[in-house]
Amino acid sequence: MTFLSASAAPASANPVSVVPTVAPAASAMVELRAVTKRYGQFEALHRIDLSIAKGEFVTLLGPSGSGKTTLLNLIAGMIMPSSGQIVIDGRDATGLPTNQRGLGMVFQNYALMPHMTVFENIAFPLQVRGLARSEIKRKVTDVLDLIQLGHVAGRRPRELSGGQQQRVSLARCIVYNPALILMDEPLGALDKKLREQMQLEIKRLHAELGITMLYVTHDQDEALTMSDRIVLMNGGRIEQEGPPDTLYFKPETVFSAEFIGSSNLIPGEVEAVENGTVTLRTALGRFPVPAPDRPVRAGEPAVLLVRPENMVLTDRPGPTGVTGRIEDSILLGGVVRHFLRCADGTTVIVQELNQPGRAGARRDDTVRAAWSVEHGRLLPPPPAR
Amino acid sequence: MNPLFGSSAIARRVVTAAAWVCYVFLLVPSLIVVPISFGNAGQIEFPPREFSLALYRQFFTDPAWWGSMVQSLFVAVTTTALALLLAVPAAYALARSNLPGRGLLRGLFMMPMLVPVIVLGLGLYLQFSDWGLLDTTLGVVLAHVMLTTPYIMISVMSGLQHSDVALETVASIMGASRRTIFFRVVLPQLGPSIAVGALFAFLMSLDEVVVAYFLTGTDSMTLPVKMYSSIRWELTPVLAAVSTLLTVLSLLIALGIIALQRKTEAQS
Ligand SMILES: Nc1ncnc2c1ncn2[C@@H]1O[C@H](COP(=O)(O)OP(=O)(O)OP(=O)(O)O)[C@@H](O)[C@H]1O
Ligand SMILES: [Mg+2]
């Protein structure tokens with residue numbers, strides 16, 4: 001719950017938080033200005049504006065095909081934008097060849113040189129930069145210590161485990177201190193446990209070295225764990241961007257709400273707006289909802305979002321609640337999730353803490369699921385597709 | 001398993017035996033020169049009545065013979081070196097760049113494989129007589145470079161298909177120039193396929209007769225041409241010794257190619 005209170009604090013009260021949209025251009029590591037990428041008729045990216053501050057950890061999150069890799073490749077210079085401008089470290093890099101951008105990249109399949117040892121792999125970017133042999137040796141040794149792989153320096157990549165290989169490929173980036181490290185689903189090939197371990201390791205390296213990182217994933221948990229800021233992509237556009245808690249607690253669209261976390265979405269029509277409260281008429285009843293920042297007018301369609309963990313099963317009557325029959329309850333360790341079938345056929349999910357010795361609701365019980373008014377969030381209806 | 005023969009051990013043994021019969025049938029005519037080469041210096045006879053190295057001695061003491069052998073080796077080595085210099089970068093460029101007209105270029109490089117050798121020989125003969133390249137070592141070498149380049153390219157391009165483009169991308173992101181990428185990332189991985197191509201080119205040049213026959217004269221005669229004319233004019237038993245030497249050399253190179261291919265397969 002400390003999470004919630006932190007997010008409720010105004011941004012100005014939190015001096016360390018980075019608010020990139022108002023950050024001066026000089027402190028931006030990367031800036032995309034109206035970048036569009038077309039493949040023939042198909043627009044893979046549509047007028048993307050994005051600014052990444054120095055030292056920030058930004059995650060590109062989105063479903064398959066939403067343009068995450070395309071965006072990364074544009075920044076790396078592997079493909080050229082159809083229009084728009086890319087600025088890296090204050091320098092226009094739109095037409096700059098890949099090898100002059102001073103970036104680092106970590107791939108899902110590691111991309112380590114099979115004919116070089118671990119040491120040689122990490123030394124390669126330093127040799128390219130023409131460093132003295134003694135300095136190369138010192139730097140490689142240091143970074144091998146940092147990732148705790150000094151004992152495998154003489155091995156070939158194929159003699160390492162997947163996790164070790166990915167650490168080497170990370171080390172190969174860190175060693176030459178690039179302005180920005182791009183990572184395209186770097187942990188996608190690892191099993192869950194190793195992935196979580198590596199997430200922490202990457203976070204640690206980011207905190208210790210202060211390198212700006214742009215990280216691609218389609219795993220929402222990974223994005224929530226690691227990022228200073230999440231950029232949610234949808235169909236070649238930025239759907240929403242912000243710190244993880246903002247994306248979780250204040251989604252602005254149905255897409256955002258559904259993509260991050262689970263959600264109850266109840267469609268309806270705005271009946272009245274007064275005193276900062278909207279009354280929404282739905283098939284399940286009339287509910288008061290806090291008015292959103294954007295203007296709403298009576299008569300327009302809208303969707304009510306309530307997160308399952310903000311719903312409780314209760315007997316107490318109140319203005320916000322629905323009645324339904326418990327169809328299923330599943331246990332998820334510390335929490336239990338009830339699936340309620342309402343009269344009109346909608347399913348509502350309620351998530352409660354699982355406490356021992358509590359007489360919980362049973363299957364086929366008819367119960368009331370309620371939420372407090374301030375936990376509801378009014379979203380615009382999804383665009384007709 | 002092959003449905004035609006089932007998986008029964010007997011059927012498999014029959015097939016293996018048949019394959020061996022074919023091999024022997026193909027090999028015996030060439031291998032028959034081996035015993036002959038150890039015969040008497042006087043005449044060609046099989047089986048030889050007495051064992052001697054006289055024919056080999058004759059080969060290595062007659063400057064016309066070993067001279068053409070040296071010439072052939074020189075031509076083959078030079079051809080291989082030049083063809084490598086041409087084919088490896090060309091294959092890399094064709095495989096990795098997306099320059100327009102790439103298909104056309106590839107077709108141009110592969111052309112010598114498709115044109116009948118006799119036509120090529122005639123064409124080169126006419127062209128080289130204009131340029132004054134007839135009966136010169138340079139002339140044969142140029143012609144052989146043309147003939148062998150596509151084979152090296154094919155070998156290298158298949159090697160490139162096995163190597164991961166992401167490695168070149170990542171090297172480029174790390175700041176490496178195209179040159180560095182070629183020499184430090186691409187070339188080391190292509191070692192075996194380059195070696196296979198090179199051995200193949202060497203072998204092709206070493207026993208190429210048709211084009212060399214058109215282009216060489218007394219000053220630049222290669223071993224196969226010398227053998228061919230000697231068959232026509234004198235039919236000396238030294239031919240058996242030469243053939244044996246060539247066969248052994250080819251066999252060694254072929255074994256080398258097989259070993260290298262095994263190695264590449266094991267790697268990928
Ligand atoms: N070379 C190309 N030619 C044509 N279309 C392409 C090309 N590369 C990508 N696309 C299209 O652009 C869109 C975005 O692709 P991109 O690879 O950026 O997706 P992504 O978000 O990385 O997805 P994933 O999570 O599956 O990796 C996709 O619809 C893809 O089909
Ligand atoms: Mg991708």
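**Exercise 1. Name the unit that β7(A), helix α6 and β8(A) make, then place β8(A) among its neighbours.**

Solution.
Step 1. β7(A), helix α6 (residues 192–209) of chain A and β8(A) form a right-handed β-α-β unit. Right-handed here means that, with the strands pointing away from the viewer, the path from the first strand over the helix to the second runs clockwise. Helices (H or I, at least four residues) and strands (E, at least two) are DSSP runs, numbered from the N terminus.

The model is predicted: local features need pLDDT of at least 70, side-chain atom pairs count only at pLDDT 80 or more, and totals for chains, interfaces and linings use all residues. Residues are numbered from 1 along each chain as its sequence is written, chains are lettered from A and ligands numbered from 1 in the order in which they are written, and side-chain values use heavy atoms, with hydrogens and water left out.

Step 2. Take the pairing. Two strands pair if DSSP finds at least two bridges between them. Strand β7 (residues 180–184) of chain A pairs with β8(A) in the parallel sense, over five bridges. D184(A) has V216(A) as its bridge partner in β8(A).

Step 3. Turn to the other neighbour. Strand β3 (residues 57–61) of chain A also runs parallel to β8(A), joined by five bridges. Here L61(A) has T217(A) as its bridge partner.

Step 4. Check the cover. Strand β8 (residues 212–217) of chain A has six of its six residues buried. Buried means under 20% relative accessible area, exposed over 50%, partly exposed in between (1.4 Å probe, protein chains only). T212(A), L214(A) and V216(A) point one way. M213(A), Y215(A) and T217(A) point the other way.

**Exercise 2. Give the strand order of the open four-stranded sheet in chain A and find its edges.**

Solution.
Step 1. The order is β2-β1-β4-β5 (chain A), with antiparallel pairing.
Step 2. β2 (42–53) and β5 (91–92) of chain A stand at the edges. Each has a single partner strand, so one side of each is left without a neighbour in the sheet.
Step 3. Look inside the sheet. Strand β1 (residues 28–39) of chain A runs antiparallel to strand β4 (residues 83–88) of chain A, and five bridges join them. T36(A) has S83(A) as its bridge partner in β4(A).

**Exercise 3. Describe the contact between chain A and chain B: residues, area and polar pairs.**

Solution.
Step 1. Count the residues. Chain A gives 22 residues and chain B gives 17 residues. Contact means heavy atoms within 4.5 Å.
Step 2. Take the area. About 1700 Å² is buried between chain A and chain B, and carbon and sulfur atoms give 69% of this. Buried area is the accessible area (1.4 Å probe) that two parts lose on being put together, summed over both.
Step 3. Find the main contributors. N99(A), H115(A) and F124(A) supply 30% of the area that chain A buries against chain B, more than any other three residues.
Step 4. Count the polar links. Zero salt bridges join chain A and chain B; a salt bridge is a side-chain nitrogen of Lys or Arg within 4 Å of a carboxyl oxygen of Asp or Glu. Four residue pairs are in polar contact across the interface (both at pLDDT 80 or more). A polar contact is a pair of N or O atoms within 3.5 Å; within protein, one must be able to donate a hydrogen and the other to accept it, and residues adjacent in sequence count only if both atoms are side-chain atoms.
Step 5. Assign elements. β6 (103–106) and α3 (118–128) of chain A each supply at least two residues of the side that touches chain B. α3(A) gives the most, with four residues.

**Exercise 4. Locate R47(A) and Q148(A), and state phi and exposure for each.**

Solution.
Step 1. Recall the background. Most residues other than glycine have a negative phi.
Step 2. R47(A) has a positive phi, near 40°. R47(A) lies in strand β2 of chain A. R47(A) is exposed, with a relative accessible area of 54%.
Step 3. Q148(A) has a positive phi of about 55°. Q148(A) sits in the loop between α4 (133–146) and α5 (162–174) of chain A. Q148(A) is exposed, at 52% relative accessible area.

**Exercise 5. Find the surroundings of S72(B).**

Solution.
Step 1. S72(B) is in helix α4 (residues 63–96) of chain B.
Step 2. S72(B) is buried, with a relative accessible area of 2%.
Step 3. Not counting residues up to four places away in sequence, S72(B) touches L206(B), T222(B), L223(B) and P224(B).
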